[in-house]
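Visitor: Please take one short helix of this model and look at it closely. What holds its start, what covers it, and what lies around the elements that cover it?

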Amino acid sequence: APPALSDGLGGSMEQAAASMLDLGHSAVGEEDEPFGDFGGFSGRDSAQPPALAGAARAGHGLEDEAAADDDFGDFGSFSCGPPGGAGDTVPTMGVTVGASAAALSNLAADEDDSFSKFAVPTLPGSSAPTAAEAPEGLSGVLAQLLASGRFEEAESCKAHIECLADLAVHKSAYDAAKMNDNLEEAIRLRDVVLPRLREQVQPDEVVLRWQHTYDAVGVAQMTGHVQQLFGEEQAAPFLANCPTDLVALAARDLPAAAAAQRRLRAAYELLLELSVEKQKEMLVTQRRLLEAVVTQMRVALAAIEAAPPTLDAAARASAMASPQVLALMRALQASRKLALTLAAASVWLSSICVLSANLAAPSAADASPSAAEADTLLGQALALTGADESALEPFDPAPMLTAPIPLSERCALTLMPLVSGRAEQLPPVVEWKGHFFHAPSINFWIHNVSPELPSACA
């Protein structure tokens, strides 16, 4: 058995663990959903809110499970299939999208199997074609999206085109492998390559949406609306972070233009939902929670550092492997991820919110040092316990934070999406007092900051 920890280490360890791990009586009350130890850090699953369960599954391009067993002989499962009977087809993009190999081949080829012309897209004229002039083929759809300033959709359309071309190439390779009795290669293509590509193909309804002719809300329209709502002086942070010429950027680098448009749209839509007062309260609340998280990480590290210096190497290693220390290390890892999330949220929100909100929480814009300290504290704890330093894995919440989604689909404390295509990086979701949260954020708030609902969420 490992040696008993000294009174000093045991006391400090228990104090840290009680603050970070032990729930005792949950502050939310027994009638509310329990959160699990330290807000789901034990790994216990939490049910998604019903309204979000579908969103978690939507948009992945997955077919029903039966398609997974498809031997790709007819290549038909790569089409999502039109509404109606099995034999129905939907006219779209100048071809008939159905379940046949010929239809998919036509889509994939689009009169140019090399697809070299899509490597560096050239912007056409500034006016979008009318419905009567809608060009045929996916290349025309892509040109239409670019002309309309719909760069996010254009990026998806370009990736869809390239994926269809890859599917045609690998389907031919699969057929050749079967014909040549190259069983190993055929199985690899059938079970690994083709399913991965199939998941990347957009469903018919998305392609049809691309064909709808309208102009995207441009930078000028967004900036003008924000100035109208808050005034030019108050809107200065948002205006300073707006891209200047997305059209020129798209001509050089379509993914960069799509990412810039996505970030701008996310900022714009968030500001439309947050009043000036709510912006202030959110910045103050996030900063308060971030400081509490880093403070508790310091306490936890101090508890680990309090190991008696008289322990020999074997005794120390045994003590550091005790359940008490291991539980504290799990909490430190989760706390570090929460700190990085809060820091990124504070920096992003302060860069777009109104000037008066920034003045109410001036330290929010400079939350990066807190994130760096959280990394350092976990690194020191890993070194002290001899744990695997892979626990200090990179974590960048910014791409998920800056996704354009409604406020109702974000954690009410961190503003992170409740569900995401990268769901493995997101904690469980819980509901408390009519609001949805990631469990770690609201649990840490309740047990280390205040048992009351933050005013920013009220």
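**One helix and its surroundings**

Guide: At the N-terminal end of α14, Asp 312 acts as a cap: one of its side-chain oxygens is 3.2 Å from the backbone nitrogen of Ala 314. That is a polar contact (N or O atoms within 3.5 Å, one able to donate a hydrogen and the other to accept it; residues adjacent in sequence count only if both atoms are side-chain atoms). The model is predicted, so local features need pLDDT of at least 70 and side-chain atom pairs pLDDT 80 or more, while totals for chains, interfaces and linings use all residues. Residues are numbered from 1 along each chain as its sequence is written, and side-chain values use heavy atoms, without hydrogens or water.

Helix α14 spans residues 313-320, and its buried residues are Ala 315, Ala 319 and Met 320. Viewed down the axis of α14, these residues fall within an arc of 130 degrees, so they line one face of the helix (the arc is taken from the directions from the axis to the C-beta atoms). Ala 313 and Ala 314, on the other side of α14, are exposed. Buried means under 20% relative accessible area, exposed over 50%, and partly exposed in between (1.4 Å probe, protein chains only). Helices (H or I, at least four residues) and strands (E, at least two) are DSSP runs numbered from the N terminus.

The cover over the buried residues of α14 includes α13 (276-305), α15 (323-352) and α17 (368-385), with contact meaning heavy atoms within 4.5 Å.

Ser 350 belongs to α15. With 6% relative accessibility, Ser 350 counts as buried, and a polar atom of its side chain is 2.9 Å from the backbone oxygen of Ser 346.

Both α13 and α15 also take part in covering the buried residues of α19, as do β3 (429-432) and β4 (435-438). Helix α19 (residues 439-448) is mostly covered, with eight of its ten residues buried. They are Ala 439, Pro 440, Ser 441, Ile 442, Asn 443, Phe 444, Trp 445 and Ile 446.

The loop between α18 (398-401) and β3 contains Leu 415. Its phi is near 70 degrees, a positive value in a residue other than glycine, and Leu 415 is buried at a relative accessible area of 0%. Another positive phi, near 60 degrees, is found at Asp 181, also a residue other than glycine. Asp 181 sits in the loop between α6 and α7 (183-200) and is exposed, with a relative accessible area of 70%.
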